[in-house]
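Below are some numbered remarks on the open and enclosed spaces of this model, with a further point on a single side chain. Please read them with the coordinates open.

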Amino acid sequence: MTQTSAAPPGAPHLENGSAPWRVWWPVVMMFACSLLSYMDRQILAVLSPMILGDLKLNAEKYGEVVSAFSIAYTIGNPTWGAILDRIGLRRGMAAAVTIWTIACGAHAVLSGFLGFAVARAVLGFGEGATFPGGLRAAMDWLPAKLQSRGFAIAYSGGSLGAIVTPLIVTPIAVAYGWRAAFIVTGVAGLAWVLLWLGTVDFSSIVARQTHRIAVPNPFELRFWSLVSAYALGAMPIGLILYLAPLYLAQVLGFTQAELGRVLWIPPLGWEIGYFVWGWFTDRFAAGNPRPAWLVATLAVMSLPLVAVPGLKSSAAVLALMFWAMFVAAGFVVVSLRTATLAYPREQTGLVAGIGAGSWSLVVAAVVPSLGHMFDMRHYANAFLFCAVVPVLGAFFWWALTPPPTRS
C-alpha cells in the first residue's frame, strides 16, 4: 500500500516544510530506547574477554549464550510488533522496556552458563519491541516525506548504543567489576520508562490499529522479500557486534582496556549509515517499491569485508568493519522502506518485527558456528561467509520482489 505525503491526523502541524520539535519527540524517545537496548545487549560482547575469563567459558559457549538471546529476540520482534499494532505504543513499549531492564539487571548476580542463557533470552524477548516501536512511531507521527529519516533516527539509537557502550562500560568494569556495568544500564532503563510515560502521549493522533493481533504469513512473497534484504543483507552487523572484540583480542592482541578505546569505531559506520541511507532513500527512492539499482549497489559494497583476515594493521581492520556496518545500515533502511509500501499501514509494527526478528534468527543460527571457527582460528572462512551472505540476500530480494506495474 503506497503511503500518502500527508501527516497522520492530529500530528503537529508542519509549517513552511519544517517540523517543530514536537513532531520529532516520539521518534527521539524511540532513538533513546534503541540506544538503551543496544547498550544492554552489547555489555556482554564488549566485556566478553573479561566475563569469559572469569566464568571459564569458551567462544563456542559464548556463541550459544548469544543464540539464546537471538532466538528469543526472533520470537519477540513479530510478537511485540503485532502487540504494538493492536494496543498502541505507549503501553506496549513501557511493558517491554520494563521486562528487559529487569533481565539486564539480573546479569549482575549470575555466575554460570545456564543463568546467563536464561537472562539473555528474557532480555532478547523484551528488546524485540524496540524496532517495531521505532518504525511505528515514525510512520504514525511523521508525513511520508520524513518517514525514512524518521525510522532511521529511531533505529540509529542502536548503532549509537554500540558506539558508546565500550566507552561507558569499560571504565566501570575495570574500576568496579563487570557486574557493576549491568546495574548501571538497568537503572537507565527504568529512567527511560518513567520519562516515556511522563512525556509521550499518542492520544492526539488517529493511529491506525488492527482489530486483532496479526501474524506473519510466510506464504507471501513480500514476507520473504523483506527477510532476504534485512536478515541476509544486514547479517554482518551480528558478526562485528558479537565477535569483533574476540577477533581484536585474539588476533591483534588488544587488551580489555584497549578494546574500550576502539570498539566504538565500527558501529560509527552503522550510525552514519542510518542517516545517510535514510536521506538517500527519501531523496531518490521514497516511493519506489523495487529500487533494484540501490540494492545491487549495497551488495557490491558488502564484499570488501572478506579482506579482514589478510590485514595486519588494526586501523585497516577497524576501517573495514566500519565500512561493513555502514553498508548493512543501508540494507535495513531500504528493506523497511520497500516493505512499508507493500504492507498495510496498520501492520507497520509487524513489518519491523519480521525484519528484525528474521535478522536475529539468522544471527542465532550462524554465531555459534562462527564462534567455533574463531576457536579453531579459521577466521578467513568466517569473514568470507559474512561478505557473501549480503550478496545472496540482494539476489533473493530481487527475485522475490515483483516489479512495479504501470497504471
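1. The lining of the largest pocket in this predicted model comprises 18 residues, and those that lie nearest its centre are Pro289, Thr338, Ala342, Thr401 and Pro402. The space in this largest pocket comes to about 290 Å³.

2. Which helix gives the most to the lining of the largest pocket? It is α14, with five residues, and this helix spans residues 314-342. Helix α9, covering residues 221-232, likewise supplies at least two residues of that lining. Sorted by class, the lining of the largest pocket consists of ten nonpolar residues, seven polar ones and one charged one.

3. The second largest pocket holds about 230 Å³ of space. Its lining is made up of 14 residues, with Phe223, Val227, Gly357, Ser358 and Leu361 the closest to the centre. Two or more lining residues come from each of α3 (59-87), α9 and α15 (348-375), and α15 gives the most, with six. As for the character of this second lining, ten of its residues are nonpolar and four are polar, while no charged residue takes part. A reader who inspects α9 should therefore keep both pockets in view, because this helix supplies at least two residues to the lining of the largest pocket and also two or more to that of the second largest.

4. Turning to enclosed space, how many cavities of 30 Å³ or more does a search of the whole structure find? The search returns three. The largest cavity has a volume of about 80 Å³, and the residues that line this cavity are Gln42, Val46, Ala162, Pro166, Ile240, Leu241, Ala244, Pro245, Leu263, Pro266 and Pro267. Helices α1 (21-46), α7 (144-176), α10 (236-250) and α12 (265-284) each give two or more residues to this lining, with α10 giving the most, namely four. Ten of the lining residues of the largest cavity are nonpolar and one is polar, and none is charged.

5. The second largest cavity contains about 70 Å³ of space. Around it are Tyr38, Tyr73, Phe131, Tyr230, Ile237, Trp270, Tyr274, Val332, Ala356 and Trp359, and at least two of the lining residues are supplied by each of α12 and α15. By class, this lining has ten nonpolar residues, with no polar and no charged ones; tyrosine is counted as nonpolar in that division. Helix α12 also gives two or more residues to the lining of the largest cavity, and α15 gives six to the lining of the second largest pocket.

6. A last point concerns threonine 185, which belongs to helix α8, residues 178-199. Is this residue buried or exposed? Threonine 185 counts as buried because its relative accessibility is 4%, and the limit for that label is under 20%. Its side chain makes a polar contact of 3.2 Å with the side chain of aspartate 40. If residues up to four places away in sequence are not counted, threonine 185 touches Met39, Asp40, Ile43 and Cys104. The polar partner, aspartate 40, is thus also one of the residues listed as touching threonine 185.

Notes: Residues are numbered from 1 along each chain as its sequence is written. Side-chain values use heavy atoms; hydrogens and water are left out. On a 1 Å grid over the protein atoms alone, a cavity is a set of points where a 1.4 Å probe fits but cannot get out, and a pocket is an open set with protein on both sides within 12 Å along at least five of seven lines; lining residues have an atom within 4 Å of a point. Grid points are joined across faces, edges and corners, and a volume is the space filled by probe spheres set on the points. Buried means under 20% relative accessible area, exposed over 50%, partly exposed in between (1.4 Å probe, protein chains only). A polar contact is a pair of N or O atoms within 3.5 Å; within protein, one must be able to donate a hydrogen and the other to accept it, and residues adjacent in sequence count only if both atoms are side-chain atoms. Contact means heavy atoms within 4.5 Å.
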